[in-house]
Amino acid sequence: MQFHHHGYVTHDPRIQPAAGVGIDRPAELPDEVDVLIVGSGPAGMIAAAQLAQFPDITTRVVERRPGRLEMGQADGIQSRSVETFQAFGFAERITAEAYRIVETCFWKPDPDEPRNIVRTARPADDPTGISEFPHLIVNQARVLDYFAEVAASSPTRLTPDYGLEAVGVEIAESGDHPVTVTLRHTAGPRAGEERTVRARYVIGCDGAHSTVRQAIGCHPVGDKANHAWGVMDVLAVTDFPDVRTKCVIQSHDGGSILLIPREGGFLARWYVDLGVVPPDDGGAIRRTPLSEIIERANQIIHPYTLDVRDVPWHSVYEVGHRVTDRFDDVPVELAGTRTPRVFITGDACHTHSAKAGQGMNVSMQDGWNIAWKLAHVLTGRAPESLLATYSAERQVVAQNLIDFDRQWSSLMAAKPDELEDPSILEDFYVRSTEFYFGFMTQYAPSMIVGEATHQDLATGFPVGKRFKSAPVERVADGNPVHLGHHARADGRWRVYAFADAAPAGEDSALAAWAEWLGTSPESPLLRHTPEGADPDSVLDVKVVYQQDHTGVDIGKVPPVFLPRVGPFGLVDYEKVYATDPHADIFDLRGIDRASGAVVVVRPDQYVAHVLPLTATDELTAFFAQNHLPASAAQAARQPVKELA
């Protein structure tokens, strides 16, 4: 964490100074806003936390609940999500209170006594080291608390407006604030009263029965699997030996359990198979009493027993797999002809079973994806055409999730004797680790993702996939750090220059590239950085040398990697890195040692391009697609007083 560059800080450095619309922020929801977020679930709160970093954007979040969520239904946290938490500054704190999954135990009928179950496998959770971040279990409510803390500590001092639900959305063909949202008070002395808010853009994060989705005419496509599960969080006494380990349990009669230990050391979540739902059920399965779920759990884990002492929460759900036909208000046949104004995220646009542990995680990536794009458009950094990439990118991800969940749910619901291979369930689980961990997403080429023409220069940074961090040494102080962990969710693009073999101070491709980036009129750094702003305010440029930190003379490092920032023009020394001799990033990520490489990373941590150090024209052209010139950006900005 960096601070003091604007003067000495004596308080918690995570609390940023109020700025822009955060100065004297009105407690009452204004009549006009830039972005209205409907719903304070995972997608809504990560979007709020991201947009809150932009002082000139008026963002408000409305939530139908009267206050914070106390108990969430989601609890599985992918490694990709923990990586995201790192960018927002709370990965270490949430990890400390969470349960960490390190292995999964598989239980099946005992061949000699089928009524009993026996452990058949216990694969490690991440045997190949997909991520340096853990796979966690923690209450969804705590995830929302941390994002709320980030938003409230941001320059805009953003906090949710509780007790308000959206009951209608209308979009005008023109106007500065073309989206009108009708809100109804759900709590307090004004309960039942309605009012309207006009917005430039709306993000619908209002769940599976989304009012926003219905208003923009998006249609869920898919079906139910006609299979039901009871789920319960319990405090219990049991002789089942793996009660504190994640388990997949299959019994002899086809009934299954997914057991997820919860944070705190005592609580556990049990997903209990309730079987096939008859076509004429009429919703009766959803009224299954808790006692029946507990009885069924005891049948499945025989010869072990489960003595439930307390049940903080339980529910029954039917598995369904649906994805909406689009994720914004532009009809498919009009895509590319006008700017979208309303977007939907999370359960509003994709629903599936809970057993894959993907819902909250995918929803958060939805929210982050649209939030940084809206921020760039509203601050004049990017053209409005950027907003069309949200639906194009995230709908594909959602469909991949549905396809995966359909296969996993079918395997979980199958009777053991129906499976061709008795080990197919655990084999599928192990093969799917990268998907489970949230790292399979790969965005297609677009205005923000280049072609993989030069992928051979950095094979470990696939274009379109998330930037996989690796250990390096910080040259200024010799500290071993992870290269990607320094990138915060501040809306900036990252440009990583991996040096060719020459040391700092010698003529090299890197030295020539750095000179061009810092001085050429064609440099994207100069073209897109506003006058008077810090030189790294739009593009955060870093360098990694092939030598270790003792072999890099920081006095000979090109000045573009040592920018002067803040009102005092202080030197930022945390952009110059060396190779960790114990974990060489050039080897780990397949970076060409002879040529070096430039790796461009989006604000949401996805690799946007890999280029040679000599491809300056290509770098200029790429950023010209997704950034406006600084002069145009400054002209496009509205005064803060008009946004408040």
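This passage walks through a few local features of a predicted model, from one aspartate to a small sheet, an annotated domain and some aromatic rings.

Asp329 makes a good starting point. The residue sits in the loop that runs between β16 (306-324) and β17 (342-344). Loop or not, Asp329 has a relative accessible area of just 5%; the cut-off for buried is under 20%, so Asp329 counts as buried. What does the side chain of Asp329 make a polar contact with? The partner is the side chain of Arg338, at 2.9 Å. A backbone atom comes into the picture too: the nitrogen of Val342 lies 2.8 Å from a polar atom of the Asp329 side chain. Both Arg338 and Val342 turn up again in the wider list of contacts, which leaves aside neighbours within four places in sequence. Along with those two, Asp329 touches Ile171, Ile216, Pro340 and Arg341.

Next comes a little sheet. Three strands make up an open sheet in the order β3-β7-β4, and the pairing is antiparallel. β3 (76-77) and β4 (99-101) are the edge strands, each pairing on one side only. In general, strands of a sheet pair through backbone hydrogen bonds, either parallel or antiparallel. Here, β3 and β7 (residues 135-137) are joined in the antiparallel sense over 2 bridges. Within that pair, Gly76 stands opposite Ile137 of β7.

Further along the chain, an unreviewed UniProt entry puts the feature "domain: Phenol hydroxylase-like C-terminal dimerisation" at residues 441-627. In the model, this stretch is 17% helix and 20% strand. The C-alpha atoms at the two ends of residues 441-627 are 24 Å apart.

That leaves the aromatic rings. How many aromatic pairs does a search of the whole structure find? The count comes to 21. One of them is formed by Phe622 and Phe623, whose ring centres are 5.5 Å apart with 70° between the planes. Edge-to-face applies to angles over 60 degrees, so the Phe622 and Phe623 pair gets that label. Phe622 and Phe623 are both buried. Elsewhere, a single aromatic cluster brings together Phe85, Phe88, Phe90, Tyr146, Phe147 and Trp368. Phe439 has a charged partner instead: the charged end of Arg466 sits over the Phe439 ring, 3.7 Å from the ring centre.

Definitions and conventions
Residues are numbered from 1 along each chain as its sequence is written. This is a predicted model: local features need pLDDT of at least 70, side-chain atom pairs count only at pLDDT 80 or more; totals for chains, interfaces and linings use all residues. Side-chain values use heavy atoms; hydrogens and water are left out. Helices (H or I, at least four residues) and strands (E, at least two) are DSSP runs, numbered from the N terminus. Buried means under 20% relative accessible area, exposed over 50%, partly exposed in between (1.4 Å probe, protein chains only). A polar contact is a pair of N or O atoms within 3.5 Å; within protein, one must be able to donate a hydrogen and the other to accept it, and residues adjacent in sequence count only if both atoms are side-chain atoms. Contact means heavy atoms within 4.5 Å. Two strands pair if DSSP finds at least two bridges between them. UniProt positions are given in the numbering used here, feature names are shortened, and annotations may be inferred rather than shown by experiment. Rings of Phe, Tyr and Trp (its six-membered ring) pair if their centres lie within 6.5 Å; planes under 30 degrees apart count as stacked, over 60 as edge-to-face and the rest as tilted. A charge sits over a ring if NZ of Lys or CZ of Arg is within 6 Å of the ring centre and within 35 degrees of the ring normal.
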